[in-house]
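Colleague: I am new to this structure and would like to learn how to read it feature by feature. Could you give me the general idea each time, and then the case in front of us?

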Amino acid sequence: MIPTIGIGLVLTISGLVVFYRTVTRGGTKYYLTNFRLVETNKGKIVRQISRSIFKGRTISQFLQISEVPMFKSNVEMFTVKVLDPQSGNVLMNLGTNQGPSVKALESIQESFYCQYCGRKNNPSSAVCSNCGANL
Ligand SMILES: [Zn+2]
């Protein structure tokens, strides 16, 4: 099955979601929100990973990406697994994904959002640049 990608607003997953991309496989959808990577099945949250565990990590520590050889379409496809950066265990197997979804996942450790005021902060910051809360 070819995954579909959507961009829009999701308010049911978390109160402060401003951005997401989805990959749909059967009844399973994956959302990248400002705080979490969320796996849902038929509208219910199955699993969620806090973005904070990826803070300060390099992409290869938490993403296992391999290119799928193209046969029919000329769309670049990749298989993606999300790893626990500490143990190396697979947390989510995202299956086959298109390039833009992979790019979104690779940006997961580039910015962090304050859980109090929602301000986007640099991953190297210890406190929020807007309200001073610990990140
Ligand atoms: Zn803040």
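Modeller: Let us begin with a strand, keeping in mind that this is a predicted model. Strand 7 is mostly covered, since five of its seven residues are buried.

Colleague: Which strands pair with strand 7, and in what sense do they run?

Modeller: On one side, strand 6 (residues 63–68) pairs with strand 7 in the antiparallel sense over six bridges, and Ser-66 is the residue that stands opposite Thr-79 in strand 7. Strand 7 (residues 77–83) is also joined by seven bridges to strand 8 (residues 90–98), and these two run antiparallel as well. Along that second pairing, Met-77 stands opposite Gln-98, Lys-81 has Asn-93 as its bridge partner, and Leu-83 stands opposite Val-90.

Colleague: What links strand 7 to strand 8?

Modeller: The two strands form a hairpin with six residues between them, and in the turn Gly-88 has a positive phi of about 80°.

Colleague: How should I read the sheet as a whole, and in what order do its strands lie?

Modeller: A general idea helps first: in a regular strand the side chains alternate between the two faces of the sheet. Here the sheet is open and has three strands in the order 6-7-8, with antiparallel pairing. Strand 6 and strand 8 are the edge strands, each of them pairing on one side only, and the twist from one strand to the next averages 15°. Helix 2 packs on this sheet, where it touches strand 6, strand 7 and strand 8, and its direction makes about 145° with that of strand 8.

Colleague: Is helix 2 largely enclosed or largely open, and why?

Modeller: For helices the general idea is that an α-helix has 3.6 residues a turn, so residues three or four places apart point the same way. Helix 2 (residues 99–106) is largely enclosed by the rest of the structure, because six of its eight residues are buried. The buried residues in helix 2 are Gly-99, Ser-101, Val-102, Ala-104, Leu-105 and Glu-106.

Colleague: Where does Gln-109 lie, and is Gln-109 buried or exposed?

Modeller: Gln-109 lies in the loop between helix 2 and strand 9 (112–113). Its relative accessibility is 15%, and because buried means under 20%, Gln-109 counts as buried. Leaving aside neighbours within four places in sequence, Gln-109 is in contact with Phe-54, Arg-57, Ile-59, Phe-62 and Pro-123. Gln-109 and Lys-55 are 54 residues apart in sequence, yet their C-alpha atoms are 5.4 Å apart in space.

Colleague: Which residues are the protein donors of the zinc ion, and why is the arrangement called tetrahedral?

Modeller: The donors are the SG atoms of Cys-114, Cys-117, Cys-128 and Cys-131, lying 2.3 Å from the zinc ion, and along the chain they follow the spacing C-x2-C-x10-C-x2-C. The arrangement is tetrahedral because the four donor atoms subtend angles of 103 to 117° around the zinc ion.

Colleague: How do Cys-114 and Cys-117 count in terms of accessibility?

Modeller: Cys-114 counts as buried because its relative accessibility is 0%, whereas Cys-117, at 33% relative accessibility, counts as partly exposed.

Notes:
Residues are numbered from 1 along each chain as its sequence is written. This is a predicted model: local features need pLDDT of at least 70, side-chain atom pairs count only at pLDDT 80 or more; totals for chains, interfaces and linings use all residues. Side-chain values use heavy atoms; hydrogens and water are left out. Donors are N, O and S atoms within 2.8 Å of the metal (3.2 Å for Na, K and Ca); water is not among the atoms, so sites may look incomplete. Four donors count as tetrahedral if all angles lie between 85 and 135 degrees; four count as square planar and six as octahedral if opposite donors are over 155 degrees apart and all others between 65 and 115; anything else is irregular. Buried means under 20% relative accessible area, exposed over 50%, partly exposed in between (1.4 Å probe, protein chains only). Two strands pair if DSSP finds at least two bridges between them. Helices (H or I, at least four residues) and strands (E, at least two) are DSSP runs, numbered from the N terminus. Contact means heavy atoms within 4.5 Å. Axes are lines fitted to C-alpha atoms, for helices over the stretch in contact, and angles run from 0 to 180 degrees between N-to-C directions.
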